Amino acid sequence: MFRTRLLSRSILMCFGLLALGPVAGLAADPPQRPNVLFILTDDQRHDALSIAGHPHLKTPHTDRLAREGLHFKNAFCTTSICSPSRATILSGLYAHAHGVTNNFTEYPEDLPTWPKALQTAGYRTAYLGKYHMGEDNDDVRGGFDYFVTHKGQGKYFDTEFRFHGGERKVVPGYYTTVVTDMALDWLETVSPPDASVATDRQPWALTIGHKAPHSFYYPEPKYERTFDDVRIEYPRTAFMLDDKPAWFEQRLDTWHGIYGPLFDYRKQWPDRSAEGVADFARMERAYWGTILSVDDSVARLYEFLEKSGQLDNTLIIYTTDNGILSGEHGMIDKRTMHEPSIRIPLIVRYPGLTPPDQPRVIHQQVLTTDFAPSILDICGVPPLPKTHGASWKGIAQGDADFDAVPWRTAWLYHYNYEKQFPYTPNVRGVRTDRYKYIRYPHGDGGPDRHLAELYDVQEDPEETTNLILDPAYADLIGVLRKTLDDLLVATEAVPDRMPLDEGIGKELPDAAIR
């Protein structure tokens with residue numbers, strides 16, 4: 001750990017970032033402007049925290065943020081795939097608007113982001129860790145005074161990082177620990193000696209991009225066997241496919257199905273035997289184990305902010321890019337519009353929103369499009385020229401006036417078929433507070449070739465019963481279809497361009513992009 005932090009500090013010195021206090025020549029910012037600590041995990045389920053009710057995972061430090069702040073129980077991504085969702089988090093735009101519709105497309109450098117807006121407003125900004133927009137690009141991206149990343153997915157152990165567009169070095173150690181070391185080093189450089197009494201400090205905004213808990217799952221050695229005694233079975237919905245579209249069954253033996261290779265945990269596949277669940281269980285235990293290290297990271301960051309007097313003037317946001325399916329409907333991975341895929345954890349701590357002794361649970365539906373407008377609103381910085389989201393500052397503060405204004409009652413989900421991962425059709429859907437309607441356009445402008453889906457997510461949160469063919473819901477389907485069409489227009493997705501659905505593939509994806 002010491003070697004990692006020493007390396008990080010030496011590189012910071014090369015870029016002249018070890019001076020304390022405001023940068024010379026810049027006007028001092030008012031002390032009420034909060035710092036921003038944005039903690040971004042990768043593929044974390046909304047329920048993969050003990051405060052979210054997980055029966056086995058214990059995440060006390062992340063839970064503490066919620067117990068001293070806000071727990072958003074209904075947070076969602078608008079496209080459940082890493083790069084498009086990350087671009088949405090930065091821009092507040094849907095994927096069809098920002099253009100990052102797959103995991104291989106660069107974020108357009110001329111497109112505004114909330115870090116760019118904060119930087120322009122006088123914030124010191126940094127991004128450390130997994131960026132994952134542009135598979136082979138580790139150059140510095142706009143909006144960040146200090147930028148450390150790597151090509152591709154990175155590795156859980158001994159990743160080669162590139163430090164602010166300069167030297168590439170393999171940094172020994174576990175990824176989560178390494179990026180946390182880098183974060184603490186950077187925070188020390190931008191924190192005045194006594195931040196609790198500093199009135200002329202320059203605020204900062206730091207994003208930490210964790211690899212965890214993205215596949216392939218390799219826990220830190222101390223957590224490798226934590227869940228060995230936990231019995232894990234396939235979820236019951238894996239065997240409730242009779243009323244589902246036929247492509248669910250077609251996907252079962254693939255890279256994204258429960259009988260397939262399970263990323264690498266099953267060597268002989270497809271395996272539909274009862275014994276095959278043991279491979280699935282090993283995968284799940286490893287997934288959980290990686291999250292324990294993230295919780296340790298949260299503890300270290302919290303401790304630093306507390307000791308440096310910055311805790312109560314820092315907007316801490318803990319979230320992820322998208323959820324993940326863990327066997328539900330016979331699926332693993334994400335991309336679909338089913339609840340485990342689109343739900344994300346969202347925990348926020350900032351006394352400017354709610355006092356630490358008055359934590360709140362937020363039930364309104366918030367989206368990844370809302371991060372940019374919310375962060376800028378809370379920081380008192382003008383909004384981006386255009387976003388599809390809205391600020392949840394008023395919701396978070398419990399403003400009576402805000403409560404009188406209707407919040408969103410329906411929102412659009414959008415995903416395009418990928419030739420590199422041909423296991424999910426094109427998806428267009430709408431979710432309200434109670435219902436979810438999903439359709440699968442073929443991409444040629446003709447009729448859909450897959451059965452649509454309709455769920456009452458209040459009464460049936462596991463989405464066990466597809467109501468799409470029930471005559472009693474015909475009028476509702478008509479209303480939801482029109483709502484979907486209206487949302488496509490409202491987000492400027494018409495004409496709705498998408499690739500042709502070439503069917504569920506059986507081949508494995510290229511090893512370089514897994």
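Phenylalanine 216 sits in the loop between strand 8 (204-209) and helix 7. The peptide bond leading into this residue from serine 215 is cis, with omega near -10 degrees. The model is a predicted one. Its chain has 13 helices and 18 strands, and 61% of the 514 residues count as buried.

**Overall form**

- The chain has a radius of gyration of 22 Å, which agrees with the value near 24 Å expected for a compact globule of 514 residues.
- Along the principal axes, the C-alpha atoms fill a box of roughly 65 × 55 × 40 Å.
- Among contacts with a separation of 6 or more, 70% are between residues 24 or more positions apart.
- The accessible surface amounts to about 19400 Å², and carbon and sulfur atoms contribute 53% of this area.
- The chain carries 54 positive and 71 negative charges, and the mean positions of the two sets are 3 Å apart.

**Helix 2 and its packing**

- Helix 2 spans residues 60-67, and its buried residues are Thr62, Asp63, Leu65 and Ala66.
- These residues lie on the same side of helix 2, because they cover an arc of only 150 degrees around the axis.
- An α-helix has 3.6 residues a turn, so residues three or four places apart point the same way.
- The packing partners of the buried residues of helix 2 are strand 2 (70-72), helix 8 (277-307), strand 9 (314-320) and strand 12 (346-349).

**Threonine 319**

- Strand 9, one of the elements that helix 2 packs against, contains threonine 319.
- Threonine 319 has a relative accessible area of 0%, so this residue is buried.
- Leaving aside residues up to four places away in sequence, threonine 319 touches Phe38, Ile39, Leu40, Thr41, Ile344, Pro345, Leu346 and Phe371.
- Arginine 45 is 274 residues from threonine 319 in sequence, while their C-alpha atoms are 9.9 Å apart.

**Tryptophan 255**

- Tryptophan 255 is located in the loop between helix 7 (246-251) and helix 8.
- With a relative accessibility of 2%, tryptophan 255 falls under the 20% limit and therefore counts as buried.
- Its contacts, not counting residues up to four places away in sequence, are Phe216, Pro261, Phe263, Ile332, Phe421, Tyr423, Leu508, Pro509 and Arg514.
- Phe216, one of these contacts, is the residue that follows the cis bond from serine 215.
- Phenylalanine 421, also touched by tryptophan 255, is 166 residues from tryptophan 255 in sequence and 8.5 Å away, C-alpha to C-alpha.

**Backbone exceptions**

- Most residues other than glycine have a negative phi, and most peptide bonds are trans.
- Besides the bond from serine 215 to phenylalanine 216, the bond between valine 494 and proline 495 is cis, with omega about 5 degrees.
- Proline 495 belongs to the segment after helix 13 (474-490).
- Aspartate 158, which is not a glycine, has a positive phi of about 60 degrees.
- Aspartate 158 is part of strand 6 (residues 157-163), and its relative accessibility of 36% makes this residue partly exposed.
- Aspartate 333 likewise has a positive phi, of about 80 degrees, without being a glycine.
- Aspartate 333 is part of strand 11 (residues 332-333), and at 4% relative accessibility this residue counts as buried.

Key
Residues are numbered from 1 along each chain as its sequence is written. This is a predicted model: local features need pLDDT of at least 70, side-chain atom pairs count only at pLDDT 80 or more; totals for chains, interfaces and linings use all residues. Side-chain values use heavy atoms; hydrogens and water are left out. Helices (H or I, at least four residues) and strands (E, at least two) are DSSP runs, numbered from the N terminus. The radius of gyration is taken over C-alpha atoms; the globule rule is 2.2 Å times the number of residues to the power 0.38. Buried means under 20% relative accessible area, exposed over 50%, partly exposed in between (1.4 Å probe, protein chains only). Contact means heavy atoms within 4.5 Å. Accessible areas come from the Shrake-Rupley method with a 1.4 Å probe; for residues, only the protein chains shown count as cover. Lys and Arg count as positive and Asp and Glu as negative; His and the chain ends are not counted. The place of a charge is taken as NZ of Lys, CZ of Arg, CG of Asp or CD of Glu. The arc is that of the directions from the helix axis to the C-beta atoms.
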